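Open the structure in your viewer and keep the selection panel handy. This tour goes stop by stop, telling you what to pick next and what to look for there.

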Amino acid sequence: MTLPAANTLASTLDVRDAVKSYGEVKALQGVSMSIAPGQFMALLGPNGAGKSTLFQLLSGLFVPDGGAIRVCGEDFLGKPTVGLAKIGVVFQQPTLDLDLSVTGNMRFHAALHGLGRAGRERIAPLLAQVGLAGSEDKVCRTLSGGNRRKVELARALLHKPALLLMDEATVGLDPQSRTALMALVKGLCRDQGLSVLWATHLVNEAETADRVYVLHRGRKLTEGTPAEVTAASGCSTLEEAFLKMTVPPPGSTGGGKPEEKPV
Amino acid sequence: MRAGHALEALGAISFRELRKFMQQRSRLLSALVRPLLWLVVFAAGFRNVFGVAVIEPYSSFIEYQVYVAPGLLGMICLFNGIQSSLAMVYDREMGMMRLLLTAPLPRAWLLACKLVAGTLLSLVQAYAFLIVCALFGVDLPWIGWLYALPALLLGGLMLGALGLLLSVYIKQIENFASTMNFVIFPMFFMSSALYPLWKLKESGADWLYWVASVNPFTHMVELTRFAMYEQINTTSLAVVAGSTTLFFVWAAYGYDPQRGMVKKRAQA
């Protein structure tokens, strides 16, 4: 807990000692995290570190066995619907209705969030903002992977969230789309004060973040600016630092990944 | 939860299910062919086996086709209810369900929306089948089309809620075959859908008679059968309403992130 108390009160996301087990597997063993408004936090961790579990807790899919989660100061576990209205999520798996148009998908989301007419009117400008002007009526199946992700981003922003959760959102994208998506989200942090939790296992994505949070085996290894994390490990690059921190002990197999079965 | 928000979500979810259904012509076709086979083939062979006894709600001797029609309407709701739940399992694996659950609405309401949407599909199919019945000359009272609506609605909700409940416990899509064997077929055959219950009693199959009498599906069929002749079977109404409530509350509990099965199963 490096942040002073006054600062913690103002944070968009505040996780305290979150614990989550699946039977024998301890997916999270007391994780604490705080994200300030406008902050871009990269959540870095190898596969099975507990990133997906943390995201499942933050998107209200499951509740932790112990600990507390506050979103914009509100108790997320006690009043999940209040918190969910302030959270936008882009999932790792595609969640677009591929037979529906871009606008159709957006409208469905607007209805789920009860945004009414004002929400529907935000759809077109938002699509333009993510670079999809002119694609409003295209069926999502015809879009490229990168553009589908942009639709999902626009959708996650439609209800004006304070916190954006990106769960390995760049998986499967080519480098250009990856960079474009990242630049887009960074711009939102800077211009609109959006807080972002960006989960990734790619170190180069974490290098440009405001802060890096390294999760490993359900625990926080370190947290700080990319430079701080690199310096603290005594390495010259973040990549080296990350590899040094998360080197598996001989004979270990790593943690399990909940709900990610090969299809 | 604002009422406007709740209704907006209900409308969107229902519309989405209807649109998806309309895009799958084969689904409507198979939903109609299945009961049609029973109506045409089975009923033809069974016509003479069926006794002459007049039972409630019928006031005179009726053809077997007339007897079996409400049972086949029930069958449509049964298959559709279970099929909609199967779609939920699919949605869960594919991530769509996750998106739905991030909507800032109580989870029980989101499940209720799914249930209503699935039931609307049941009604569409049931009325399509009634048209087929009319085309095949099955002598059902026209006013019954109207009176059957609340019965089919409630019955559809009950079977949809049963489907929701199953979807909590079905782990994977592949388990549909066993659901057919252990849920759909026993419910359908051990009911009054194909033959009146006194037939079972008369043939000495007491345990079967007993099972069929408490089978909620029997009561769904009887509720529809009576409604078609402008009557209310209060026992059936009570059983169907009670079962609907039980199945839904149980399913909602199962989907509750704090307590339910979904929580326990996450690693499976």
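A residue counts as buried here if 20 or more other C-beta atoms lie within 10 Å of its own. By that rule, 45% of the 268 residues of chain B are buried. Keep in mind throughout that this is a predicted model.

**Stop 1: chain B as a whole**

Select chain B and switch to a cartoon view. You will find 12 helices and 0 strands, so to read along the sequence is to follow the pattern α-α-α-α-α-α-α-α-α-α-α-α. Now think about contacts between residues at least 6 apart in sequence: in chain B, 80% of these join residues at least 24 apart.

**Stop 2: α1 meets α5 in chain B**

Next, select residues 3-23 of chain B, which form helix α1, and residues 107-135 of chain B, which form helix α5. At what angle do the axes of these two helices cross? They cross at roughly 40°, and come within 9 Å of each other. Angles from 35 up to 65 degrees fall outside the roughly parallel and roughly perpendicular ranges, and α1(B) and α5(B) are therefore oblique to each other. The crossing of α1(B) past α5(B) is right-handed.

Show the side chains where they touch. From α1(B), pick A6(B), A9(B), L10(B), I13(B), S14(B), E17(B), L18(B) and F21(B). From α5(B), the partners include W109(B), C113(B), K114(B), V116(B) and L120(B). Colour this contact by class and you get 12 nonpolar, 2 polar and 2 charged residues.

**Stop 3: α5 meets α6 in chain B**

Keep α5(B) selected and add helix α6, residues 142-169 of chain B. Here the axes lie 8 Å apart and the packing angle is about 135°. These two helices, α5(B) and α6(B), are therefore oblique to each other, and α5(B) passes α6(B) in a right-handed crossing.

Among the residues that α5(B) brings to this contact are L111(B), L115(B), G118(B) and L130(B). From α6(B), look for W145(B) as well as G156(B), G160(B) and G163(B), among others. How many charged residues does the contact of α5(B) with α6(B) have? It has none, with 11 nonpolar and 6 polar residues.

**Stop 4: where the chains touch**

Bring chain A back into view. The contact between the chains takes 26 residues from chain A and 25 residues from chain B. On the side of chain A that touches chain B, the elements that give two or more residues are α3 (80-84) and α4 (102-112) of chain A. The largest share, 3 residues, comes from α4(A). This side of chain A divides into 14 nonpolar, 10 polar and 2 charged residues.

**Stop 5: the sheet in chain A**

Now hide chain B and turn to an open sheet of 6 strands in chain A, with the order β6-β7-β8-β3-β9-β10 and mixed pairing. Its edge strands are β6 (87-90) and β10 (219-224) of chain A, each pairing on one side only. Follow the sheet across and the twist averages 15° from one strand to the next.

Zoom in on strand β3 (residues 40-44) and strand β9 (residues 211-216) of chain A, which run parallel and are joined by 4 bridges. Pick L44(A) and you will see that V214(A) in β9(A) stands opposite.

For a last selection, take helix α2, residues 51-58 of chain A. This helix lies across β3, β7 (163-167), β8 (195-200) and β9 of chain A, running at about 145° to β7(A).

Notes. Residues numbered from 1 in each chain as written. Chains lettered and ligands numbered in written order. Predicted model: local features only at pLDDT ≥ 70, side-chain atom pairs only at ≥ 80, totals over all residues. Axes fitted to C-alpha atoms, helices over the stretch in contact; angles between N-to-C directions. Parallel < 35°, antiparallel > 145°, perpendicular 65-115°, else oblique. Left-handed = near helix turned anticlockwise from the far one by under 90°. Contact = placed C-beta atoms within 7 Å. Nonpolar A, V, L, I, M, F, W, Y, C, P; charged D, E, K, R; others polar. Buried ≥ 20, exposed ≤ 12 C-beta atoms within 10 Å, placed from the backbone. Pairing = 2+ DSSP bridges.
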